[in-house]
Amino acid sequence: MANFQRLKRTASGVFTGDPAIGELMLDTPSGYLYTTRDDGALVLINNGIPGPTGPSGAVGPSGAVGPSGATGPVGPSGAVGPSGAAGTDATQRYFLNAFDTTTQTNPSAASGNAFKYNTTIDSRGVAVVSGSMIQVANSGVYNIQFSAQLEKSSANKEDVDIWLSKNGVGVPWSATTIVVEGSSDRQVAAWNFFLSMDSNEYAELYWHSDDLNVAAIAASGHAVPAHPDIPSIILTVNNVD
């Protein structure tokens, strides 16, 4: 007939006489299990070696997703990429500063004379072509300003008409008449025009007089007091839009 066994445990070691006959005692630090035989001898029942691991149980359902953790520190910046191509400068301005050092005569009363310019001081995007054409490289609205010194060598007054031409055609209602007094009195004609032009279009300034003694005068060699020479015409052009 079987007897019930009592299981005792200790953490301070198992010694002879600790477990009673037939009583089991577990040494918890080592995992050894002891008993005492009928003759009073202490017997080690096992050596404390863990048995083989059993098969894993089925995976349970995933739990709810927890809250996101704090944002980590910003990483180092990457290498700087190559520079892009240069764009068009929207503030770029185009201009011309020119004049003529010669006296321009009136060879015929039957036709107009295009003012000519033989010296360009500075320019960007605007140029003098064929001596009289003011040609632009870029579309826009241009302010064309001039100052011409006119003289009539003979007596009596004479009218001088000045007008603007675009691409060889007179601009409507652009002419102005000034009166030159005569007897070598000099009169300065100076005003400006606003003109819209596309790329490679050109403008010209024309003048006309019925009297062949009228001319645009250039003068140099002023010594008392010394001062710059006087061109027959000064021209400045700049784009405004």
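In the predicted model, the contacts of Asn106 beyond its neighbours within four places in sequence are made with Asn113, Trp207, Ser209, Asp211, Leu212 and Val214. Asn106 itself belongs to the loop that runs between strand S5 (95-100) and strand S6 (113-114). Two of these partners are also engaged through polar atoms. The side chain of Asn106 forms a polar contact of 2.9 Å with the side chain of Asn113, and the Asn106 side chain also reaches the backbone oxygen of Asp211, at a distance of 3.0 Å. The relative accessible area of Asn106 is 3%; because this value is under 20%, the residue is classed as buried.

A second loop position, Ile230, was examined in the segment between strand S16 (214-216) and strand S17 (233-239). With residues up to four places away in sequence set aside, Ile230 touches Gln149, Ile217, Ala218, Ala219 and His222. Ala148 is 82 residues from Ile230 along the chain, and the C-alpha atoms of these two residues are separated by 10.0 Å. Ile230 has a relative accessible area of 26% and is therefore partly exposed, since that category covers values between 20% and 50%. The loop between S16 and S17 also contains Pro225. The peptide bond joining Val224 and Pro225 is cis, with omega at about -15°.

Positive phi values in residues other than glycine were found at Asn156 and at Ser183. For Asn156, phi is near 80°, and the residue is placed in the loop between strand S10 (140-152) and strand S11 (158-166). Its relative accessibility of 60% is over the 50% limit, so Asn156 counts as exposed. For Ser183, phi is near 55°. Ser183 is located in the loop between strand S13 (176-180) and strand S14 (186-197). The relative accessibility of Ser183 is 48%, and this residue therefore counts as partly exposed, the limit for the exposed class being over 50%.

At the level of the whole chain, the secondary structure comprises 17 strands and 0 helices. The C-alpha trace spans about 165 × 45 × 25 Å along its principal axes. The radius of gyration of the chain is 56 Å, whereas a compact globule of 241 residues would have a value near 18 Å. Of the 241 residues in the chain, 28% are buried. When contacts between residues at least 6 apart in sequence are considered, 61% of them join residues at least 24 apart.

The surface of the chain was also described. The exposed area is about 15,300 Å², and carbon and sulfur atoms supply 54% of this area. The chain carries 11 positive and 21 negative charges, and the mean positions of the two sets lie 17 Å apart.

Note on methods:
Residues numbered from 1 in each chain as written. Predicted model: local features only at pLDDT ≥ 70, side-chain atom pairs only at ≥ 80, totals over all residues. Heavy atoms only, no water. Helix = DSSP H or I, 4+ residues; strand = E, 2+ residues; numbered from the N terminus. Buried < 20%, exposed > 50% of the residue type's maximum accessible area, 1.4 Å probe, protein only. Polar contact = N/O pair within 3.5 Å; in protein donor to acceptor, adjacent residues only side chain to side chain. Contact = heavy atoms within 4.5 Å. Rg over C-alpha atoms; globule rule 2.2 N^0.38 Å. Areas by Shrake-Rupley, 256 points an atom, 1.4 Å probe, with all protein chains shown as cover. Lys, Arg positive; Asp, Glu negative; His and termini not counted. Charge placed at Lys NZ, Arg CZ, Asp CG, Glu CD.
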